[in-house]
Every structure is written in structure tokens, then in C-alpha cells.
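Open the model in your viewer, switch on a cartoon view and keep the selection box handy. We will go stop by stop, with something to select each time.

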Amino acid sequence: MKKIAIILFLAFTTYSCEDVIEVDLNEGQQRLVIDASINWFKNTSGNEQSIKLSLTAPFFNEDIEPANNAIVSISDIDGNTFNFLEDGSSGIYRNSNFIPVVDGIYTLSVSYNNELFTATETLKSVVPIDFIEQRDDGGFLGEDIELKAFYTDPANIDNYYFFEFLSDIAQIPTLEVYEDRFTDGNQIFGFYTEEDLEPGMDVTVRNYGISERFYNFMFTLLQQGSEEGGGPFETQPATVRGNCLNQTNVENFPFGYFRLSEVDEVIYTIQ
């Protein structure tokens with residue numbers, strides 16, 4: 001009986017010590033977030049494009065507030081201006097007559113809340129994906145499915161690549177960036193593994209051509225978000241600035257990036 005009483009006392013004490021801890025975080029200034037990814041998929045016209053504008057929110061706030069009633073356009077060096085109109089009040093601005101040109105230089109203009117935001121970037125080409133190789137003995141225990149998306153890097157040209165892997169398993173796509181500093185002119189691959197992949201599932205593989213500046217921007221973001229991060233020589237968490245500038249008020253800088261890419265896409269069915 002004495003042992004039972006002690007056990008009950010300890011259980012009650014442990015339970016009574018469980019308190020809800022509310023973390024009071026500092027809230028920074030609300031800023032504009034510019035998601036301006038212009039993607040020209042191979043074998044398409046590339047005319048249909050969209051840009052998403054939103055506002056930053058507190059850490060525990062799951063709702064993303066759209067940035068409404070902005071004036072958005074992209075212009076090229078040939079004098080063409082492509083106006084993007086908001087789809088309802090979604091914060092998504094669309095254009096249906098965009099003209100993509102490889103190595104073309106484009107300038108984004110966003111007028112929002114009486115401030116002007118701009119960015120300039122070049123549309124980068126990309127080589128096609130040659131083939132996809134599957135292995136079934138990947139992972140720590142040799143039981144996971146691995147995919148390698150092979151592509152041939154052009155020789156004597158600095159190239160940068162952004163891979164996106166999408167499947168029905170993960171809600172967030174797997175993202176990787178690559179450069180050709182040590183693989184120039186060779187056949188190399190983008191890598192993807194997921195322990196829950198099974199035969200019959202589809203994986204969408206996309207390879208984007210990107211600029212060196214976007215490569216550095218995305219590399220830093222991926223390093224900060226890596227589950228294996230935290231070592232003494234890892235990139236330390238900090239505000240990562242994109243290529244968008246506030247021409248009206250420098251201190252009120254936006255988040256996000258203006259990128260233009262040719263894209264090659266392959267849908268692979270797990271064998």
C-alpha cells in the first residue's frame with residue numbers, strides 16, 4: 001500500500017508541474033514579400049506568368065496576409081512592358097502576354113503603399129534532363145528509394161542550377177542548388193530521396209536555370225533551413241536579402257526575389 005501511495009504521489013506531482021509556456025516574441029516591422037518567379041517551361045510559350053505579393057506576419061501566425069492593390073509590371077530592354085493585374089484580392093498578380101527571351105534582361109516594378117520596389121535580373125537557360133536513375137538501397141539502412149536526375153553541363157560556361165522535387169508525400173518540395181565549378185562540361189545529377197516513396201508514386205522533377213546571385217541567395221537559405229545545420233562552420237541564421245530594392249525608403253526593404261528561369265520538367269513514376 002505504501003508503494004502505491006508513493007507512485008500516486010509522484011504521478012500527481014509530475015502532472016501538476018506541467019504548465020503551458022507562452023513565448024512572448026518580439027514582432028518586427030511588417031514588410032512586403034515579393035515572390036516573383038518567372039518560369040518558362042520548355043516547349044511552352046511562357047506567356048502565362050504570375051507574381052505573388054504578401055506581407056510578413058508574426059512567427060506563430062499561420063495566416064498570410066496578401067498585399068492588395070499594388071501596381072505590378074515587368075519591362076524588358078526592348079521597351080516592352082508587361083502589366084500584372086491582381087486576381088481578385090488574392091495578392092496574386094497575373095499576366096498573359098509575357099515574352100520570355102533567353103539572356104534577356106528584365107526589370108520588375110512594384111508600387112505598393114506609396115512606395116516603389118524594383119529588381120533587375122536576367123532570364124537564364126537550362127539544359128534538359130537526360131534521364132532519371134532509381135536506386136532502392138539508399139538511406140542510412142539501405143532501404144530507401146533514391147533518384148538521380150542526370151543532366152549534361154555545357155563546357156566552358158559558368159552555369160547554376162536550381163532543382164525542385166515534388167511528390168504526394170511531402171507538402172513542402174525538396175529544393176537543391178548546384179554550380180559547375182568542379183563539374184564543368186560533365187554529366188552530373190540532382191539528387192532526391194524520401195523514405196516513404198513506393199512503386200507507382202509520381203515524382204515531378206524540375207531543373208531551373210538560375211543566375212549566380214540567385215544561387216548564392218538560395219544556397220544561404222537552404223543552409224539556414226537544413227536539419228543538419230548548426231555546426232561551427234555553418235552559415236549562421238540572419239536576414240537573407242534578395243535582389244528587390246525599395247527605391248522610396250531604403251530602410252523598409254522587402255523580402256523575396258525576382259528570378260527568371262527556363263525550366264525542364266520530367267514526371268517520373270517510381271518503379
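D103 sits in the loop that leads from β6 (92–95) to β7, and that is our starting point. Bear in mind throughout that this is a predicted model. Show the backbone of D103: its phi is positive, about 70°, although the residue is not a glycine. Most residues other than glycine have a negative phi.

**Stop 1: the hairpin after the loop**

Now select residues 105–112 and 115–122, which are strands β7 and β8. The two strands pair in the antiparallel sense, with 8 bridges between them. To find one of these bridges, pick I105 and look across to T122, its partner in β8. Follow the chain to the turn: 2 residues lie between the strands of this hairpin, and N113 in the turn has a positive phi of about 55°.

What else does β8 pair with? Add residues 245–246, strand β15, which runs antiparallel to β8 and is joined to it by 2 bridges. Here F117 is the residue opposite N246.

**Stop 2: the whole chain**

Zoom out for a moment. The protein has 2 helices and 16 strands. Of its 271 residues, 36% are buried. Take the contacts with a separation of 6 or more: 64% of them come from residues 24 or more positions apart.

**Stop 3: strand β2 and its partners**

Select 49–55, which is β2. Is this strand mostly covered or mostly open? It is mostly covered, with 5 of its 7 residues buried. Its pairings can be visited one by one:

- β1 runs antiparallel to β2, with 4 bridges joining them; select I34 and its bridge partner L53 to see where they meet.
- β6 is also antiparallel to β2, through 4 bridges; here K52 stands opposite I92.
- β3, residues 65–66, is joined to β2 by 2 bridges and runs antiparallel to it; look for S54 opposite P66.

If you show backbone atoms here, recall that strands of a sheet pair through backbone hydrogen bonds.

**Stop 4: the largest pocket**

Turn on a surface. The largest pocket has a volume of about 1,000 Å³. To centre your view on it, select V33, I34, D35, L221 and G256, the closest to its centre of the 29 lining residues. Which elements supply at least two residues each of the lining? Colour β1 (32–41), β2 (49–55), β11 (160–167), α2 (212–225) and β16 (255–269) to see them. Colouring the lining by residue type gives 19 nonpolar, 5 polar and 5 charged residues.

**Stop 5: a three-stranded sheet**

Next, bring up the open sheet of 3 strands, in the order β9-β10-β13 with antiparallel pairing. Its edge strands are β9 (129–138) and β13 (187–194), each pairing on one side only. Neighbouring strands in this sheet are turned against each other by 25° on average, ignoring direction. Between β10 (residues 144–152) and β13 there are 8 bridges, and T152 stands opposite Q187.

Stay here and click on D136, which belongs to β9. With a relative accessibility of 49%, D136 counts as partly exposed, because that class lies between the 20% and 50% limits. Set aside neighbours within four places in sequence, and D136 is in contact with G142, E143, D144 and I145. Draw a distance from D136 to E146: the C-alpha atoms are 6.3 Å apart, while the residues are 10 apart in sequence.

Then move along to N156, in the loop between β10 and β11. Its phi is near 60°, a positive value in a residue other than glycine. N156 is exposed, with a relative accessible area of 75%.

**Stop 6: T204 in strand β14**

For the last stop, select 202–210, strand β14, and pick out T204 within it. Is T204 buried or exposed? At 16% relative accessibility, T204 counts as buried, because the limit is under 20%. Show its surroundings as sticks: leaving out residues up to four places away in sequence, T204 touches E164, F165, L166, E265, V266 and I267. Finish with a distance to Y268, which is 64 residues from T204 in sequence but 6.3 Å away in space, C-alpha to C-alpha.

Note on methods
Residues are numbered from 1 along each chain as its sequence is written. This is a predicted model: local features need pLDDT of at least 70, side-chain atom pairs count only at pLDDT 80 or more; totals for chains, interfaces and linings use all residues. Side-chain values use heavy atoms; hydrogens and water are left out. Two strands pair if DSSP finds at least two bridges between them. On a 1 Å grid over the protein atoms alone, a cavity is a set of points where a 1.4 Å probe fits but cannot get out, and a pocket is an open set with protein on both sides within 12 Å along at least five of seven lines; lining residues have an atom within 4 Å of a point. Grid points are joined across faces, edges and corners, and a volume is the space filled by probe spheres set on the points. Ala, Val, Leu, Ile, Met, Phe, Trp, Tyr, Cys and Pro count as nonpolar, Asp, Glu, Lys and Arg as charged, and the others, Gly among them, as polar. Axes are lines fitted to C-alpha atoms, for helices over the stretch in contact, and angles run from 0 to 180 degrees between N-to-C directions. Buried means under 20% relative accessible area, exposed over 50%, partly exposed in between (1.4 Å probe, protein chains only). Contact means heavy atoms within 4.5 Å.
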